[in-house]
Amino acid sequence: MKRHLPLLATGAILLALFAAAAFAYDGFFSARVIVNLFADNAFLGIAAVGMTLVIFSGGIDLSVGAVIGFTSIFTATLVTGRGLHPAAVWPMAIALGAALGAAMGTLIHVFRLPAFLITLAGMFLARGAGFWLNTESVGISHRWYDALANFDFALGEAIHLPAAALWLLSLVLAGYVLAHHTRFGRNLLAIGGNEQSALLMGLPVGAAKIAVYTLNGACAALAGIVATVYTSSGNASMGIGLELDAIAVVVIGGTLLAGGRGHVAGTLLGVLIFGTIQAAILFDGRLSSWWMRIVVGALLLVFILLQRVFAVRRLKA
C-alpha cells in the first residue's frame, strides 16, 4: 500500500481538480471533454511514457521536445515537399529518433558523461536540424492524414475516441507492460535504485541504459508523428519546452526523479491533470494560460517535497 501512495495521491488530485472544474463550469463534465483530455495531450503523453522509463533508470532526457519538432518538419517536408508516402516516412522518422537516443545513451554509459549535458547537446542538434530543413510551418495534405483526422473508434453513442487518443492509450498500455511486467523494466528500476548494486547483481546495466534512451528517442519521434496528424502540419519550433512538461507530468505521476521507483499509470494521470488544468482555463476564458504553469509548478513542488518525505521515512525505517 505504501508503495502506491504517490499514485493514489495523483489520482486523488486528478479527481479533485476535475470535480472542481465540473462544479464551476457548465458542460465540463461531459464525454467530449474527457475524450479531448486524451486527444489534445496525446503527443505529450507519448513523450512522457518514454521519459518515465528513462527516469526509472535514474536518467533524464532534454531532447524529446526538439525531436518532436524535428520529426514533424521532417515528416511534412518529405510527405508534402517530396511526395513520399507516410508509410515510408514514418519508419524513417522513428529510426532517426531512435538513432539519436542510442547515440546519447552510448555516450552517457561508455564515457560516463552526465545525461543532462549529453541530452542538452542532443536537443540543440535536433532543433537545429529541424530548422535546417525548414524554418516555416509546412502543411500536410494526404489521404492518410485526412482519413486519420476523420477516424474515431465508437464506445457507445456518446464516446468516440480519435486516432490520437488511441495512440496514447496503446502506448501507455505497452509502456505499462514493458515497465512492470518484463525483465527490462525491472532492470531499469534496479539501475535507478542503485547502479552499483545492479552491476554487482550481474544486470546488463550498459545495454539497458542504451536501450532505454533508444526507446525514448523512438517514443519522441512517434509523438512528433502524432503531432503532425493532430495539426496536419509540421513545424521545427513544435515541442519547445515540452521536455520540461514531460518531466513535470512524470514526477506529478509519482515517479521518483532520482529513479528506482514509479508507475507508468501515474504518468497518464499526470498528463490528465495537465490537460484538466488547461481545459478549465479555456472554459473560464478570463484566466491567462500562464496560470496552467503556475498550478503545474505548485503541484510539482508538492510532489518533490512528498518524495523527499517518503525517502526520509524509508531511511528511518
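Ring pairs link F18, Y25, F28, F29 and F283 into a cluster; here rings of Phe, Tyr and Trp (its six-membered ring) pair if their centres lie within 6.5 Å, with planes under 30 degrees apart counted as stacked, over 60 as edge-to-face and the rest as tilted. This is a predicted model, where local features need pLDDT of at least 70, side-chain atom pairs count only at pLDDT 80 or more, and totals for chains, interfaces and linings use all residues. Residues are numbered from 1 along each chain as its sequence is written, and side-chain values use heavy atoms, leaving out hydrogens and water.

**Aromatic pairs and a polar link**

Searching the whole structure gives 9 aromatic pairs. One of them is formed by W90 and W144, a tilted pair with 5.7 Å from centre to centre and 55° between the planes. The two rings link distant parts of the chain, with W90 in helix α5 and W144 in helix α7 (residues 143-150), 54 residues apart. Helices are DSSP runs (H or I, at least four residues), strands likewise (E, at least two), and both are numbered from the N terminus. W90 counts as buried because its relative accessibility is 13%, while W144, at 31%, counts as partly exposed. The cut-offs are under 20% relative accessible area for buried, over 50% for exposed and in between for partly exposed (1.4 Å probe, protein chains only).

Y25, a member of the ring cluster, also has a polar contact of 3.0 Å between its side chain and that of D284. A polar contact is a pair of N or O atoms within 3.5 Å; within protein, one must be able to donate a hydrogen and the other to accept it, and residues adjacent in sequence count only if both atoms are side-chain atoms. D284 sits in helix α13 (residues 264-284) and, with 15% relative accessibility, is buried.

**Salt bridges**

A salt bridge here is a side-chain nitrogen of Lys or Arg within 4 Å of a carboxyl oxygen of Asp or Glu. By this rule there are 3 salt bridges, set out below.

| Pair | Closest N to O |
|---|---|
| R112 and E195 | 3.5 Å |
| E195 and K209 | 3.5 Å |
| D245 and R293 | 2.4 Å |

The R112 and E195 bridge runs from the loop between α5 and α6 to helix α10 (residues 195-200), so it ties together parts that are 83 residues apart in sequence. In the bridge of E195 and K209, the partners lie in helix α10 and helix α11, so parts 14 residues apart in sequence are tied together. Along this chain of partners, R112 is exposed at 54%, E195 is partly exposed at 23% and K209 is buried at 10%.

D245 and R293 meet in the remaining entry of the table. That pair links distant parts of the chain, D245 in helix α12 (residues 242-252) and R293 in helix α14 (residues 290-316), 48 residues apart. D245 is buried at 12% relative accessibility, whereas R293 is partly exposed at 39%. Salt bridges that share partners join R112, E195 and K209 into one network.

**The α5 to α6 loop and its surroundings**

R112 has a phi near 55°, a positive value in a residue other than glycine. L113 lies in the loop between α5 (86-110) and α6 (115-133) and is partly exposed at 35% relative accessibility. Together with L107, V110 and F111, L113 makes a nonpolar surface patch of about 350 Å². Patches are made of residues with over 30% relative accessible area and no salt bridge, joining like charges within 9 Å and nonpolar side chains (Val, Leu, Ile, Met, Phe, Trp, Tyr) within 5 Å.

S232 also has a phi near 55°, positive in a residue other than glycine. S232 is in the loop between α11 (205-231) and β4 (233-234) and is partly exposed at 29%.

**Packing of the helices**

In helix α2 (residues 31-39), V33, V35, L37, F38 and A39 are buried. Their cover includes α1 (5-24), α3 (42-56), β3 (159-162), α8 (163-180), α11 and α13.

I68, in helix α4 (residues 64-81), is buried at 0% relative accessibility. Leaving aside neighbours within four places in sequence, I68 is in contact (heavy atoms within 4.5 Å) with F43, A47, A220, A223, G224, M238 and L242.

A102, in helix α5, is partly exposed at 23%. Not counting residues up to four places away in sequence, A102 touches I210, Y213 and T214.

Definitions and conventions. Areas by Shrake-Rupley, 256 points an atom, 1.4 Å probe, with all protein chains shown as cover.
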